[in-house]
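Student: Could you take me closely through one place where two helices of a single chain meet, and then set that place beside other parts of the model?

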Amino acid sequence: MSLALRTFSSMKDANAALQVSGTRYLGGGTLVVRAANEGDVAVSSLVRVDDPGLSQIAVSGGKVRLGASVTMAAVARHPELAALAPAARAVGGPAIRNMATVGGNLFAPAPYGDFAVALLALDATVVTEGGEMPIETFLAGRDTSRVIVTAVGFSLPRAESFRFLKVSRVKPKGVSVLSIAALLELAPDGTVTSARIALGCMADRPIRAKAAEKALLGCKLTQQEIAPALAAAGEGIAPITDPVASAWYRAEVLPVHLGRLLLN
Amino acid sequence: MELRKDYFADVRKDGLHEIGQARPRLDSPGHVTGKTAYFADRNFPGMLHLKMVRSPHHHARIRSIDTSEAERHPGVVKVLTAKDVPHNVYTILILIQVGPEDETVLADGKVRWKGEAVVAVLAESERAAQEAAAKVKVDYEVLPAVFDMEEALKPGAPLVNEYHGQNYYLYDSGECRKVRFGDVEAGFAGADHILEQSYQSSPIEHAPTETTGCVVAPEGNDRFTCYTNTQAMFFTLDNTSIILQMPGSKLHFVGGTVGGGFGGKVDVIVEPIAILGAKLTGRPVCFIYSREEEMQISSPRAAEKVVIKDGVMKDGRIVARKVTGYTDAGAYSRHSPYGAQKGAAHYPGPYTIPNVWIDTYCVYTNRTPSSAMRGFGVTIGDFALEVQMDKLARLIGMDPLEFRFINAYRDGDMKAHRQPTEGAALIECMQEASRAADWPVAEKYMAMSSYRKGA
Amino acid sequence: MAKVPVQFTLNGSEKAEFVESGTTLLAALRDKIGDTSPKGGCHQGTCGACSVIIDGELRLSCLTLAETCGGADIKTTAGLAEGGVLHPLQRAFLDAFATQCGFCTPGMIMAAKVLLDRTPNPSREDVVEALSGNICRCTGYEPIIQAVLLAARANSQNAA
């Protein structure tokens with residue numbers, strides 16, 4: 001059997017076709033075509049939807065809705081999404097960013113999926129034909145998910161409250177050793193009033209650093225006051241081991257990089 | 001670029017017209033227009049794709065191979081196993097009498113490293129070949145494996161390669177390549193200080209952007225044209241001739257254009273089986289490594305371990321050096337016996353030492369067979385030697401560059417492996433380095449010369 | 001093995017082929033149309049040797065399915081020289097010794113072309129960023145960066 005692509009204009013039909021075993025959804029191709037090229041014969045059929053609405057970016061009233069086919073490049077160059085640009089630019093090189101999609105990034109296994117780390121910190125909502133769900137719920141069940149993501153939605157962060165860091169060994173572009181996204185609200189005196197921190201490469205998919213989030217509350221962003229949060233950063237992590245870094249190394253450097261992100 | 005003509009001015013004819021001049025590369029116009037023809041740019045109607053079924057185990061006995069389901073898979077034209085290869089056991093360096101033959105083109109009865117080729121599938125499309133390869137059933141009995149050179153040399157270690165009978169290459173000099181010069185123990189006895197250190201390295205993959213591969217076209221007259229990116233054209237042709245038991249006149253190799261090699265494309269791996277496939281099917285065949293195969297299957301630079309023991313005087317003279325080098329060949333020889341031998345000649349470094357003792361071992365382990373890479377056999381040794389030189393200089397409180405001037409070899413010095421030094425330029429290189437790096441050394445070193453010993 | 005028709009413009013000329021569904025653009029260009037200037041180095045989206053320009057944007061032809069390119073305007077390095085005259089980028093890669101084995105060169109030139117089309121006077125950082133998805137293993141990055149800057153200077157002098 002060769003690899004076959006079917007193009008649908010309706011999401012309903014595409015979702016139905018996706019139920020057939022061996023079928024995957026084709027977004028930008030950077031995951032599924034790559035798998036097929038590498039000899040993954042488990043994928044025998046691809047489906048896609050050519051609805052231009054999937055490539056739309058809507059920003060209004062502080063709310064953002066990114067169609068699942070929106071590319072990293074489109075996010076990076078959108079004037080109202082400047083806060084997200086560093087996370088979008090962290091994905092691949094220029095050609096990959098012209099192809100890789102918001103929807104696809106939600107399925108990218110570690111060490112990939114840096115943009116999904118940002119979306120997790122933003123508490124995004126993942127939209128499918130069946131309705132909406134919090135990104136955390138979506139990520140937990142993504143391996144068995146058989147429904148096409150159509151969009152993600154989130155509240156647009158103020159630029160100063162959203163921070164993103166990707167650490168690579170190869171400059172300027174390389175695979176993640178780890179990535180961190182943090183949404184922090186500070187009181188006028190600089191005290192952290194809310195914190196949501198997401199980590200990449202600290203499990204097979206993006207995860208929250210809940211203990212660190214909790215430890216940050218009420219702290220000012222000084223070396224001394226964030227120390228308990230850094231100490232808690234490793235709670236609940238199970239970093240991946242790959243040719244870029246071992247789980248041990250990733251765990252060791254996580255507090256260092258989280259500290260830099262918070263103090264920057 | 002600056003050409004410093006004051007060095008060796010009196011011993012050099014100075015009519016240089018090309019050196020020091022920027023000349024256009026002959027191949028660049030093809031490169032920038034995309035016209036340069038790499039092997040994979042050849043395409044033939046009806047070309048078959050070859051995919052290899054590889055061992056998932058580091059060391060295992062093959063109980064049975066069942067290719068029946070793969071042979072029935074749509075698009076499959078031929079499935080090859082060891083029995084199809086006319087002369088299945090070979091070794092590359094047999095051409096220069098470095099045996100024994102110790103490696104199989106397709107595994108026969110046993111696999112000795114994870115990734116070893118077992119069954120070749122030829123199909124109408126790459127996809128069909130991949131699907132059929134997944135249907136080949138190989139029944140393995142997993143054997144204990146050894147991955148560490150010193151473990152491999154211990155009594156009772158699993159025997160990696162039966163063609164050798166022991167886990168090291170047996171040179172005509174015995175279990176290792178040996179260099180003996182002067183009296184090393186007397187040298188140590190008279191030294192002011194002794195420093196023994198060990199250094200080791202991991203395998204290094206060349207990772208060329210163009211993966212290893214070839215395209216073979218039958219010419220219809222029992223002759224085959226093989227477009228290949230081998231870096232060793234005639235080694236490959238001659239070994240293919242042996243493996244396929246075909247006269248060389250039946251083999252037409254076209255190459256010379258390589259998309260990055262760095263030594264990684266000197267092994268004879270893809271061509272013989274692809275030509276055999278073309279011969280048995282009468283069809284053109286391409287066998288191109290995937291990126292994963294390039295990284296995991298192609299030979300890396302060998303892992304090495306180097307133990308250096310030096311005797312040094314307070315005045316800076318190294319009076320004795322004993323080196324034990326270990327080269328991890330992986331499961332098969334390929335070029336590693338030669339690499340280990342090169343190390344034996346090289347280990348004194350570019351220094352004149354009166355008492356030298358060197359043993360270099362080529363060791364077999366159940367790791368990916370290693371082979372050539374840019375200065376293999378000496379590069380890791382140079383890292384070890386120069387780190388050792390810095391440590392020695394620190395030990396006696398001497399500037400590390402001046403310490404090297406004192407020990408630098410010069411024309412006429414006898415090297416430990418009995419080659420007299422000729423054309424040395426280390427002194428002059430260090431003098432220029434001293435200036436360029438603004439790392440001053442005493443005037444007497446700046447007045448030294450490689451070819452006037454008295455100066 | 002269902003064949004599907006694909007039709008697009010390649011370097012200004014119309015191309016129409018039947019390919020097997022699931023065929024990558026790289027395979028279609030190389031094996032069907034005969035433009036072998038895009039190279040297959042990794043087929044994973046990592047090396048950039050297969051880079052082409054689709055509708056003005058840099059893409060990896062190894063991860064793009066041919067049948068998704070219907071009606072597209074595709075450019076490759078093979079189509080850059082006009083009437084036998086090298087494109088300024090090609091000239092600069094020659095003059096700056098920015099090729100060694102040459103395997104990454106067509107992809108590098110594609111990535112550089114997209115940059116210069118949008119940013120005629122790039123900074124060194126712009127060039128590094130633009131080439132960041134293209135791997136050179138002979139490690140001639142510095143001459144390659146210099147070649148792109150040289151081409152930009154040549155362009156601006158011609159325009160002046």
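Tutor: In this predicted model, the residues C:P88, C:L89, C:A92, C:F93 and C:D95 of helix α2(C) meet C:A147, C:L150, C:A151, C:A154 and C:N155 of helix α5(C). Helix α2 covers residues 88-95 of chain C and helix α5 covers residues 141-159 of chain C, and the two pack at an angle of about 130° with their axes 8 Å apart. Because angles over 145 degrees would count as roughly antiparallel and those from 65 to 115 as roughly perpendicular, α2(C) and α5(C) are oblique to each other. The crossing in which α2(C) passes α5(C) is right-handed.

A helix in chain A can be followed in a similar way. Helix α11 of chain A, residues 247-263, has 17 residues and reaches 25 Å from its first C-alpha to its last, which is close to the 24 Å expected at 1.5 Å a residue. There is nevertheless a kink of about 35° at A:L254 in α11(A), shortly before the proline A:P255. A:L254 is also one of the buried residues of this helix, together with A:R250, A:H257, A:L258 and A:L262. An α-helix has 3.6 residues a turn, so residues three or four places apart point the same way. The buried residues of α11(A) pack against the strands β9 (162-168) and β10 (176-186) and the helices α9 (210-216) and α10 (223-232) of chain A.

For a view of a whole chain, chain B holds 13 helices and 17 strands, and its C-alpha trace spans about 80 × 60 × 35 Å along its principal axes. Of the 455 residues in chain B, 47% are buried.

Conventions: Residues numbered from 1 in each chain as written. Chains lettered and ligands numbered in written order. Predicted model: local features only at pLDDT ≥ 70, side-chain atom pairs only at ≥ 80, totals over all residues. Helix = DSSP H or I, 4+ residues; strand = E, 2+ residues; numbered from the N terminus. Expected span 1.5 Å × (residues − 1). Bend = angle between axes of the 7 residues up to and from the residue. Buried ≥ 20, exposed ≤ 12 C-beta atoms within 10 Å, placed from the backbone. Contact = placed C-beta atoms within 7 Å. Axes fitted to C-alpha atoms, helices over the stretch in contact; angles between N-to-C directions. Parallel < 35°, antiparallel > 145°, perpendicular 65-115°, else oblique. Left-handed = near helix turned anticlockwise from the far one by under 90°.
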